[in-house]
Amino acid sequence: MSTTSGATGPVVRAGGDFQEPPRTPGGVALCGACRERGTCRLGVERERLDEDGVARFALTCPRDQEGGPDVAHGGWTAAVLDDCLGHLPLLHRVLSVTAELTVSFVKPVPVGRPLEVSARVERREGSRWYITGEMVLLPTRAVLARASGIWVTRDQGHFARHADWLAEQDER
Ligand SMILES: CCCCCCCC/C=C\CCCCCCCC(=O)SCCNC(=O)CCNC(=O)[C@H](O)C(C)(C)COP(=O)(O)OP(=O)(O)OC[C@H]1O[C@@H](n2cnc3c(N)ncnc32)[C@H](O)[C@@H]1OP(=O)(O)O
C-alpha cells in the first residue's frame with residue numbers, strides 16, 4: 001500500500017491492495033487527487049446503483065470547466081462520462097481501466113445546471129465490460145451526450161507494473 005498525507009490524514013491511493021475507494025457522503029467514489037479534497041472535482045455529487053442494474057449520478061458542470069460561453073468544455077463532458085461509466089465495475093467491486101471510449105456530443109452542456117448521468121453494463125466478455133451511458137438535463141431529461149466504451153478488469157498489480165514500466169522508460 002502507498003499512502004500520502006492529505007488534509008484529513010493518511011489517504012489510501014489506488015495500488016496493490018485495492019479493495020474499495022473512499023466515497024463521499026453522496027456515495028461518489030473518489031479517485032486520485034479528489035481524495036485529498038474529499039469531493040469530486042468533476043462535479044459528481046451523488047452516485048447509486050439501482051436495482052435495475054443502472055447506475056445513476058447527480059452532477060453539475062463546475063464553472064471552472066466552462067468552454068464556450070456558459071457551456072462545458074467538451075473535455076469535461078468526456079471526462080465525467082469516462083468517470084461515471086467507469087464506476088460501474090467499481091460498484092461491482094471490480095477494478096478496471098478504460099480501454100476505449102466513444103462520446104457523442106448531442107447538445108452543448110450548460111454550466112451550473114442539474115444534470116444526470118446513467119450507465120449500464122450491456123455485456124461482459126472475458127475481462128471486458130461493455131458499458132453505455134448518457135447525460136441528460138434536468139428536469140426535462142433532454143439528452144446532452146451519449147457514451148459507450150470498454151473497461152478492462154485489472155488485477156491488483158496493475159499500477160505497480162505500470163510503475164516498473166515507467167522506470168524502464170526512464171532508464172533508456
Ligand atoms: C483512473 C484510475 C482507475 C482505477 C482507480 C482505482 C481506484 C478507484 C477509485 C475511484 C474510482 C475511479 C474510477 C475511474 C473511472 C475511469 C477509468 C479510467 O479513466 S482508467 C484510465 C485510462 N485508461 C488507462 O489508463 C488504460 C491504459 N491502458 C492499459 O492499461 C492497457 O492498454 C489495457 C489494460 C487496457 C490493456 O492492456 P493489455 O492489452 O496489456 O491487456 P491484455 O491482457 O492483453 O488484454 C486484456 C483484455 O483487454 C482487451 N483489450 C485490450 N485493449 C483493448 C482495446 N483498446 N479495446 C478493447 N479491448 C481491449 C483484450 O482483448 C483483453 O480482453 P480479454 O481478456 O481477452 O477479454
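## The largest pocket

In this predicted model, helix α2 provides the largest share of the lining of the largest pocket, namely seven residues. Both α2 and β5 supply at least two residues each to that lining. The space that lies in this pocket amounts to about 460 Å³, and among the 23 residues that line the largest pocket, those closest to its centre are Cys31, Asp83, Leu90, Leu95 and Ser96.

Sorted by the character of their side chains, the residues of the lining of the largest pocket comprise 15 that are nonpolar, five that are polar and three that are charged.

## The surroundings of the ligand

The ligand has 27 residues around it, and of these Asp82, Thr98, Glu100, Ser127 and Arg128 come nearest. Taken together, the residues of this shell divide into 13 nonpolar, seven polar and seven charged.

Several atom pairs can be described one by one. An oxygen atom of the ligand has a polar side-chain atom of Asp82 at 2.7 Å, whereas a nitrogen atom of the ligand has a polar backbone atom of Thr98 at 3.0 Å. A polar backbone atom of Glu125 lies 3.4 Å from an oxygen atom of the ligand. On its own the ligand has 1,300 Å² of accessible area, of which the protein covers 58%. The elements that contribute two or more residues to the shell are helix α2, which spans residues 74-91, strand β5 at 96-105, strand β8 at 142-153 and helix α3 at 158-170.

## The hairpin of β3 and β4

Strand β3, made of residues 44-49, pairs with strand β4, made of residues 55-60, in the antiparallel sense, and five bridges link the two. Within this pairing, Arg46 has Ala58 of β4 as its bridge partner. The two strands form a hairpin with five residues between them, and in its turn Gly53 has a positive phi of about 85°.

The loop between β3 and β4 also holds Asp52. The side chain of Asp52 makes a polar contact with the side chain of Arg56, at 3.1 Å. Along the chain, Asp52 and Arg120 are 68 residues apart, yet in space their C-alpha atoms are separated by 9.2 Å.

## Backbone features in two other loops

Two further loops are worth locating in the model. In the loop between α2 and β5 lies Arg93, a residue other than glycine whose phi nevertheless has a positive value, near 65°. The helix before this loop and the strand after it both give two or more residues to the shell around the ligand, and each also supplies at least two residues of the lining of the largest pocket.

The other loop runs between β7, residues 128-137, and β8, and Pro139 is found there. The peptide bond that joins Leu138 and Pro139 is cis, with an omega of about 5°.

How values were computed:
Residues are numbered from 1 along each chain as its sequence is written. This is a predicted model: local features need pLDDT of at least 70, side-chain atom pairs count only at pLDDT 80 or more; totals for chains, interfaces and linings use all residues. Side-chain values use heavy atoms; hydrogens and water are left out. Two strands pair if DSSP finds at least two bridges between them. Helices (H or I, at least four residues) and strands (E, at least two) are DSSP runs, numbered from the N terminus. A residue is near a molecule or strand if one of its heavy atoms lies within 4 Å of it. A polar contact is a pair of N or O atoms within 3.5 Å; within protein, one must be able to donate a hydrogen and the other to accept it, and residues adjacent in sequence count only if both atoms are side-chain atoms. Accessible areas come from the Shrake-Rupley method with a 1.4 Å probe; for residues, only the protein chains shown count as cover. Ala, Val, Leu, Ile, Met, Phe, Trp, Tyr, Cys and Pro count as nonpolar, Asp, Glu, Lys and Arg as charged, and the others, Gly among them, as polar. On a 1 Å grid over the protein atoms alone, a cavity is a set of points where a 1.4 Å probe fits but cannot get out, and a pocket is an open set with protein on both sides within 12 Å along at least five of seven lines; lining residues have an atom within 4 Å of a point. Grid points are joined across faces, edges and corners, and a volume is the space filled by probe spheres set on the points.
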